[in-house]
Amino acid sequence: MAAAAMRSDVHAQTETAPAAVNPVTAPSLAKVSLKVNGKACDLELDTRTTLLDALREHLHLTGSKKGCDQGQCGACTVMVNGRRINSCLTLAVMQQGSEVTTIEGLGTPENMHPMQEAFVKCDGYQCGYCTSGQICSAVAVLGEIKEGIPSHVTEDLMKPPSWDSSEIRERMSGNLCRCGAYSNIMEAITQVAGGRA
Amino acid sequence: MKPFTYERAESPAAAAGAAMRHPGAKFVAGGTNLLDLMKLEIEEPMHLIDVNGLQLDKIEPTPEGGLRIGALVRNTDLAADERVRRDYGVLSRALVAGASGQLRNMATTAGNLLQRTRCPYFYDTNQPCNKRLPGSGCSAVDGASRQLAIIGVSEACIATHPSDMAVALRVLDASVETILPDGTTRTIPIADFHRLPGDTPHLETVLQPGELITAVTLPKPLGGTHIYHKVRDRASYAFALVSIAAVIQRDGSGRVAVGGVAHKPWRVEAAEAELPRGAKAVTERLLADAKPTKDNAFKVKLVERVLGAVLAEAKGA
């Protein structure tokens with residue numbers, strides 16, 4: 001009786017209550033179609049599969065890294081429909097029809113993206129684990145400044161954000177580097193931003 | 001993560017109906033908080049209803065001269081909207097003070113309101129928490145409570161609401177529009193949307209079973225100087241110790257809401273009458289019934305000091 005009462009209490013708060021005890025034991029499968037780095041991919045996945053795990057374990061694109069797996073570190077950053085996101089905090093099935101760009105889609109060792117070239121030139125890493133996320137994020141950051149999206153340090157909301165280093169630092173705060181290569185990461189991004197930064 | 005079944009909802013009414021048909025169902029939009037909690041098995045939905053396809057992603061003017069923000073408008077897009085930057089600057093400022101660029105690109109307007117607390121004991125499944133497991137006790141009351149609430153608290157829970165956006169919406173007197181499983185709709189003033197913990201801290205909002213947020217509406221612009229001042233342990237990407245959303249008029253009158261101090265954005269309209277007398281007078285009214293712990297008693301003084309800074313900034317604007 002007490003258990004039944006709790007269940008109905010829980011159900012009465014669909015959005016915000018602790019979930020009822022989940023008796024589902026068998027994995028549930030669902031289909032999803034994505035375009036990853038320009039290539040159409042049709043997958044059938046356990047619904048629990050994050051976009052990050054779909055990229056790494058099913059599509060074998062292991063450039064995107066699993067650091068914290070909770071949106072804190074940014075190592076899993078990829079671009080979805082032109083916007084950077086934490087691929088560890090979205091389910092693959094939620095990305096039906098999305099266009100995903102990973103570090104592998106930005107450039108190749110033979111034909112690097114300018115941001116990849118700048119990271120190499122400026123030595124913007126030590127161990128390299130956070131680097132794919134840093135580079136994807138940095139490319140998106142420059143796009144966000146260009147689009148006029150404000151940040152916490154934007155002085156005047158009605159004027160375009162500046163290209164200075166305080167804007168870039170603030171916008172890169174979702175990407176951690178445990179080696180502490182920040183100064184060289186900043187140097188690389190600043191170079192790509194051009195004389196504007 | 002526990003297994004769950006999944007569907008993509010075709011309409012708001014269908015989503016609300018599906019939630020009623022599936023016990024233990026949850027809506028998912030941005031997923032940034034829900035997925036995190038599902039990995040820890042703090043949230044264990046049996047069925048996920050993906051609402052991302054519902055086209056609730058527009059910001060439109062209302063006949064009253066305000067704005068209607070679709071439930072699925074991403075935090076980035078809301079902060080960047082020219083009308084919001086111009087007429088509701090406190091909202092833009094609050095949004096960009098929260099989370100990281102990646103998270104703001106995913107997080108939605110409705111989902112931001114429904115975030116769960118970041119109380120460390122809610123996340124630590126080895127310790128009692130009345131919010132996570134009703135009746136199990138509160139580890140925070142005698143625990144590490146530096147980050148936690150100082151007002152509107154109960155013996156059962158001293159968690160805070162983590163949202164910055166909600167604090168700005170409270171100062172703007174926004175309303176939450178919803179649809180219920182029977183197809184009816186209702187409008188909930190933001191002041192009534194979040195609950196205080198009382199003895200049921202697991203109930204965080206007044207939403208009914210299956211009720212889906214469809215939009216948040218802003219009344220017509222207030223004018224004045226819009227300020228969101230957030231104090232936190234890092235310069236970026238951290239939850240507030242104390243934050244203040246304020247709209248201050250030239251004559252010194254205005255509105256103030258406080259984040260990081262309660263289970264909901266904290267606003268006491270009567271305290272705003274004290275604004276011309278300064279931060280100390282306002283804070284005494286705002287936090288008259290404060291019950292801080294030894295660890296977070298500093299927040300009472302911090303509210304006064306942050307408000308002082310806000311009022312000085314407004315004067316200089």
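**A walk through a two-chain model**

A:Ser132 is buried, because its relative accessible area is 13%, and the cut-off for buried is under 20%. That makes A:Ser132 a handy starting point. Keep in mind that the model is predicted. Find A:Ser132 in helix α5 of chain A. Now look for its partners. Leaving aside residues up to four places away in sequence, A:Ser132 touches A:Gly63 and A:Ile103. Take A:Gly63. Along the chain, A:Gly63 and A:Ser132 are 69 residues apart. In space, their C-alpha atoms are separated by 6.2 Å.

Step back to chain A as a whole. Chain A has 197 residues, and 51% of them count as buried. It holds 7 helices and 5 strands. How do these elements follow one another along the sequence of chain A? The pattern reads α-β-β-α-β-β-β-α-α-α-α-α. Contacts across the sequence can be sorted too. Consider contacts in chain A between residues at least 6 apart in sequence. Of these, 52% join residues at least 24 apart.

Next come the domains. The domain assignment splits out domain 1 of chain A, 29-106, and domain 2 of chain A, 114-192. Their centres, taken over C-alpha atoms, are separated by 21 Å. Domain 1 of chain A gives 15 residues to the contact, and domain 2 of chain A gives 18 residues. Between them the two domains bury about 1,400 Å². Carbon and sulfur atoms make up 55% of that area.

Which residues of domain 1 of chain A lose the most area to domain 2 of chain A? They are A:Arg84, A:Ile103 and A:Leu106. Together these three account for 40% of what the domain 1 side buries. A:Ile103 has come up before, as a residue that A:Ser132 touches.

Charged and polar groups also meet at this boundary. There are 2 salt bridges between domain 1 of chain A and domain 2 of chain A. In chain A, the side chains of A:Arg83 and A:Glu147 meet in a salt bridge, at 3.8 Å from N to O. Across the interface of the two domains of chain A, 8 residue pairs are in polar contact. Which elements give two or more residues to the domain 1 side? They are β3 (77-80), β4 (83-86) and α3 (103-106) of chain A.

Now bring in chain B. The contact between the chains takes 58 residues from chain A and 67 residues from chain B. The area buried between chain A and chain B is about 5,200 Å². Of this, 54% comes from carbon and sulfur atoms. Across the interface of chain A and chain B there are 2 salt bridges. B:Lys39 and A:Asp69 form a salt bridge, and their closest N and O atoms lie 2.8 Å apart. Polar contacts across this interface link 21 residue pairs. On the chain A side, α1 (2-11), β1 (29-36), β4 and α5 (131-147) each supply at least two residues. Helix α5 of chain A is also the home of A:Ser132.

Finish with the aromatic rings. A pair of aromatic rings is described by the distance of the centres and the angle of the planes. Over all chains the count is 1 aromatic pair. The partners are B:Phe122 and B:Tyr123. Their centres are 6.0 Å apart, and their planes stand at 80°, so the pair is edge-to-face, since planes over 60 degrees apart count as such. Are B:Phe122 and B:Tyr123 buried or exposed? B:Phe122 is buried, and B:Tyr123 is buried as well.

How values were computed: Residues numbered from 1 in each chain as written. Chains lettered and ligands numbered in written order. Predicted model: local features only at pLDDT ≥ 70, side-chain atom pairs only at ≥ 80, totals over all residues. Heavy atoms only, no water. Phe/Tyr/Trp six-rings, centres within 6.5 Å; stacked < 30°, edge-to-face > 60°. Buried < 20%, exposed > 50% of the residue type's maximum accessible area, 1.4 Å probe, protein only. Domains from an automatic or database assignment. Contact = heavy atoms within 4.5 Å. Buried area = accessible area lost by both parts, 1.4 Å probe. Salt bridge = Lys/Arg side-chain N within 4 Å of Asp/Glu carboxyl O. Polar contact = N/O pair within 3.5 Å; in protein donor to acceptor, adjacent residues only side chain to side chain. Helix = DSSP H or I, 4+ residues; strand = E, 2+ residues; numbered from the N terminus.
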